[in-house]
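Student: I would like to learn how the terms used for a structure are justified. Can we go through some cases?

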Amino acid sequence: MARFSFSFSLVCAVLLGAFLVSTKPMLRKERVLRDPELSSRQAHEDNKSYQYDHEAFLGKDEAKTFDQLTPEESRDRLSKIVDRIDGDADGYITTDELNAWIKRVQKRYVYENVAKVWVDYDLNKDNKISWDEYKQATYGYYLANPEEFEDATDKFSFKKMLPRDERRFKAADLNGDLAADREEFTSFLHPEEFEHMKSIVVLETLEDIDNNGDGHVDEDEYIADMFAHEDGGPEPDWVRTEREQFSDFRDLNKDGKMDQDEIRQWIMPQDYDHAQAEARHLVYESDQDKDQKLTKQEILDNWNMFVGSQATNYGEDLTRNHDEL
């Protein structure tokens, strides 16, 4: 999904929708929200590469550090990780336990991201971030120099993004005090991770794509969001396929456009759990005796799929409270 995470600087407001800017011809844009940090499924299509599995099991940043460990060190750390995954300590790792672990790992980056930027916004150090603090830190220059932005017409101009941010902040501010605690601020920065914020994600997606302002997304707007037809030539095959996708699967009520419910089903599909699918994949590929669960030895025998010759800084993770992951 990061799709809805922020980059934290004066340009933060613009980057809220950075993934929505015009693409070059032939480039395809992915808007469907995925589990955090998980990249493409190329690893499953290439038996020689387990990148996707490593990122799912360890987290993307941690997986990158695996090159620093020897195979022996990797297996040793994997053995300790397996002990943590085995929640009921019965000596077996089930699909549900793997699923829970993967979701914790993927969610962790969200909270670590918030921790990194918290001090930049909590200006008065009261362990809350008020709307005024965030507004000043993000839009201070714009507010002090509005004349420099009077002619801005871009949909992601500061003038348009400020009220949009305020709307999102108020949606995240569950107690209505205009001051976000860490959980509220996390839901503000990563709304796709919180159920009560998903309507905001849908609304922002609609506003980003709805060029004619009619409150819907028609086929041309849907295509324009992912393909800029600049040279006047024929559309590539994948664009024609996307037009068929719009007609067959996006426009559910066949009225020629998507409303907010249809947009939600498009960007937040409910029929596929990526963490669950990855957990099942890991079990299937490692379950030597086909009893639908894994022993530590089965995992270590297939260590290359879980951690490979890459490694993670799990020495730090092993010292954490289990509930922090």
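Student: What makes D83 count as partly exposed?
Tutor: First, the background: this is a predicted model, where local features need pLDDT of at least 70, side-chain atom pairs count only at pLDDT 80 or more, and totals for chains, interfaces and linings use all residues. Residues are numbered from 1 along each chain as its sequence is written, and side-chain values use heavy atoms, with hydrogens and water left out. Buried means under 20% relative accessible area, exposed over 50%, and partly exposed in between (1.4 Å probe, protein chains only). D83 has 48% relative accessibility, so D83 counts as partly exposed.

Student: Why is the contact of D83 with K296 called a salt bridge?
Tutor: The term requires a side-chain nitrogen of Lys or Arg within 4 Å of a carboxyl oxygen of Asp or Glu. The closest N and O atoms of D83 and K296 are 2.8 Å apart, so the pair fits the definition. D83 is in helix α5 and K296 in helix α15, 213 residues apart; helices are DSSP runs (H or I, at least four residues), numbered from the N terminus.

Student: What is the exposure class of K296?
Tutor: Its relative accessible area is 28%, so K296 is partly exposed.

Student: How do you know that α14 has the span expected of a helix?
Tutor: The expected span is 1.5 Å times one less than the number of residues. For the 13 residues of α14 (residues 274-286) that gives 18 Å, and the end C-alpha atoms are 18 Å apart, which agrees.

Student: Why is α14 described as largely enclosed?
Tutor: 10 of its 13 residues are buried, so the rest of the structure largely encloses α14. Among them are H274, L282 and V283.

Conventions. Helix = DSSP H or I, 4+ residues; strand = E, 2+ residues; numbered from the N terminus.
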